[in-house]
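Here is a short briefing to read with the model open beside you. It goes topic by topic, so feel free to jump to whichever part you need.

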Amino acid sequence: MKKTFLALVIMMSALIGVQAQKIKGSDTMLPLSQKEAESFMKANPSQVVTVTGGGSGVGISALLEGTTDLAQLSRKIKFDERKKLQEKGKSVKEVIAAYDALAVVVHPANKVKNLTREQLEGIFTGKIKNWKEVGGDDLKIIPYSRETSSGTYEFFKESVLKNKNYMNGIMSMPATGAIVQSISQTKGAIGYIGLAYVNKDVKSIHVSYDSGKTYTEPSMANAKSGVYPIVRPLYYYYEAKSESKVKSFIDYILSNAGQKIVSDNGYIPVK
Amino acid sequence: MKQLKRIAERIVEIMLTVSGSITSLAILLIIVFLFKEGFGLFNSPIIEKGYALCVNVTNPVNKLNPYQIKHIFDSDITHWNELGGSDEEIVLFRFDEIFSLYADEEFGEDYALLPEKLGEVIAQSSGIVAFLPEEYLPTDNNQVKILPSTNISIFDFFGGKEWMPTSTPSSLYGVLPLILGTLWVSVFAILIALPLGLGVAIYLSELASERMRKIMKPTIELLAGIPSVVYGFFGLVVLVPLIQKMLNLPVGETALVGSIVLAIMALPTIITVAEDAMRNTPRAMREASLALGATQWQTIYKVIVPYASSGISAAVVLGIGRAIGETMAVLMVTGNAAVIPHSLFEPVRTIPATIAAELGEAPAGGTHYQSLFLLGCILFAITMIISISAEVISKRKHKGAGV
């Protein structure tokens, strides 16, 4: 019923020529943007927001071509992307809408509780191959990664591996759900997933970024207070020219109601 | 009236010819497009487009290949003497680091002073290797040596063993593990599916009662209608843990599970095509054989199977085609690790899974994009070789049998 109503609103607005706000980009942010858009439209029935995915890179190129009003990115805009926009005479503005924490997870039966960033780097670059090297059982480590196209893959590489490459021949799964499934049924497995996806089938590892002095549990509270290190911001980018058009939606996301949706969906609010 | 009919017939004829030629043209254009996009790869530099590597002018190293670049930036090679240079530590410098060394105002209007600052950084350190965008290269600084970039070589592409399409500064496009992975999974899928499929086909066409056939054939055809993602999900949730427990493997996502899932998917094709071919054996031949005193089993393998051999090979080709080109199911169950397979119990990565997983985010026109198109060309070549050889085999067999 709600969907038909929504479709009707979109069609009506197309007929009477109301310009809809378009959001395009990261698939990670797709569910969040959709929820935000839905409740935003409920609060402001005269406004229409359409959300599509495709990837962070797709979002920026759509902004470049002028086919979207807002680009959603799960990473910061790259230098050459900003440069390209400048060449076209467009200056973009950046809004951080939420934060996303990545949890490192293992099989529930795994004894290992704590890992340092250096150990994680060793595991994912293939230098540490057995769990006994990091205080676990004598068991082969099977690291799982996301596909190269994902923003999560890039962020983990940047933050944890310090831009080094993943080991040759790492297991790569097409979706976060598949990683959870595989880790829950593979004893020696380790992988990384968004905090919102952690459930009882997998065990999350306490991570240390100060070579073992303090280990932090990936939890909502720790991510919010900034103690947990593997946290990335989620961005919206828009052209400075079209600020008036997108302002109301951006304001809505940053409002209390919008930020409640952020935390309801397992992301960390900015405030 | 007769005239009118003739004109109408003529029009239909023309329309049929036109639609036929349009279809053939479209197929040809698709192939041309595929190869055009793919072979552009060999005209692309090994270093990411628009970027270059710079070293200090005192550094004797003049050339680096993609593997060396990767090992340098992964800190696997830490001294220049490993690359034929002086005994000095390698200092990595990525472009973004410049912004933490200088304040934004120091770069001047529109980053005009950026090349100068980059030049300063490179001049200061003799062991540095800097990865910089071409537009900001400090070209007029004589302390800086820009390493010449070569194009991606065909040898590195087909002979390379590492598939790392997003590693910077230099991506590695070694397709050997992908080609071998695809063939590995498909060959075992066919080895599982062929005996099973032929057995079922023989049973259905020769031995099963009419009632049994009426139940079994639609059931098998139903298998072909299940979407491949459902097979993939079934494989991931049921087969993967099952195989892992049964064989006590460290990982469940292996080539073996991929082969089993593909075999199940290829079965309906093989069964229906082979069964149709066998049922088309003329009644006269069947009865002649029985009349000569042959048993039913002798009739099947001396008369019916040889007569249907071209149909059976068509079934095999269609089955292999399905197995090689299948994407979604394989993507979900094989683990997608780009390593050369040594056994059935290791994860593999296939060509279709690679294209499906990576094309979405590969920047259009870039080297990664082109390399995926080239993978498509390879897949096309493989299936073409298989269907041509199957045709040749079935023709030769027919001549030999005197049919």
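What follows covers salt bridges, surface patches, cysteines, backbone angles and one long-range pair.

This is a predicted model, in which local features need pLDDT of at least 70 and side-chain atom pairs count only at pLDDT 80 or more, while totals for chains, interfaces and linings use all residues. Residues are numbered from 1 along each chain as its sequence is written, chains are lettered from A and ligands numbered from 1 in the order in which they are written, and side-chain values use heavy atoms, with hydrogens and water left out.

**Salt bridges**

- Over all chains, the whole structure holds 25 salt bridges, each defined as a side-chain nitrogen of Lys or Arg within 4 Å of a carboxyl oxygen of Asp or Glu.
- One of them pairs A:K93 with A:E243, at 3.1 Å from N to O. Because A:K93 sits in strand β4 (residues 92-106) of chain A and A:E243 in helix α9 (residues 243-254) of chain A, this pair ties together parts that are 150 residues apart in sequence. Helices (H or I, at least four residues) and strands (E, at least two) are DSSP runs, numbered from the N terminus.
- A:K93 is partly exposed at 36% relative accessibility, and A:E243 is also partly exposed, at 21%. Here buried means under 20% relative accessible area, exposed means over 50%, and partly exposed is in between (1.4 Å probe, protein chains only).
- A:K164 and A:E121 form another salt bridge, with their closest N and O atoms 3.3 Å apart. A:K164 belongs to the loop between α6 (151-159) and β7 (171-173) of chain A and A:E121 to helix α5 (residues 117-124) of chain A, so the pair links parts that are 43 residues apart in sequence.
- Are these two residues buried or exposed? A:K164 is buried, with a relative accessible area of 14%, and A:E121 is buried at 14% as well.
- Between A:K127 and B:D76, the side chains meet in a salt bridge of 3.4 Å, N to O. This pair joins two chains, because A:K127 lies in the loop between α5 and β6 (142-146) of chain A and B:D76 in the loop between α2 (66-73) and β2 (91-94) of chain B.
- Both ends of that contact are partly exposed: A:K127 at 49% relative accessibility and B:D76 at 35%.
- In chain B, a network of salt bridges links B:R213, B:K217, B:E221, B:E275 and B:D276.

**Surface patches**

- Patches are made of residues with over 30% relative accessible area and no salt bridge; like charges are joined within 9 Å, and nonpolar side chains (Val, Leu, Ile, Met, Phe, Trp, Tyr) within 5 Å. Accessible areas come from the Shrake-Rupley method with a 1.4 Å probe, and for residues only the protein chains shown count as cover.
- A negative patch is made up of B:D104, B:E105, B:E106, B:E116, B:E120 and B:D140. Lys and Arg count as positive and Asp and Glu as negative, with His and the chain ends not counted; the place of a charge is taken as NZ of Lys, CZ of Arg, CG of Asp or CD of Glu.
- Within this patch, B:E120 is found in helix α4 (residues 114-124) of chain B and is partly exposed at 31% relative accessible area.
- A nonpolar patch of about 340 Å² is built from B:F233, B:F234, B:V237 and B:V238. Its member B:F234 lies in helix α8 (residues 228-247) of chain B and is partly exposed at 38% relative accessibility.

**Cysteines**

- How many disulfides does a search of the whole structure find? The count is 0 over all chains, where a disulfide is a pair of cysteine sulfur atoms within 2.5 Å.
- B:C54 is buried at 0% relative accessibility, and B:C377 is buried at 5%.

**Backbone angles**

- Most residues other than glycine have a negative phi.
- A:S211, not a glycine, has a positive phi of about 45 degrees. A:S211 lies in the loop between β10 (206-208) and α8 (220-225) of chain A and is exposed at 56% relative accessibility.
- B:N248, also not a glycine, has a positive phi of about 55 degrees. B:N248 is in the loop between α8 and α9 (255-279) of chain B and is exposed, with a relative accessible area of 68%.

**A long-range pair**

- A:E65 lies in helix α3 (residues 56-65) of chain A and is exposed at 53% relative accessibility.
- The C-alpha atoms of A:E65 and A:S248 are separated by 23 Å, with the two positions 183 residues apart along the chain.
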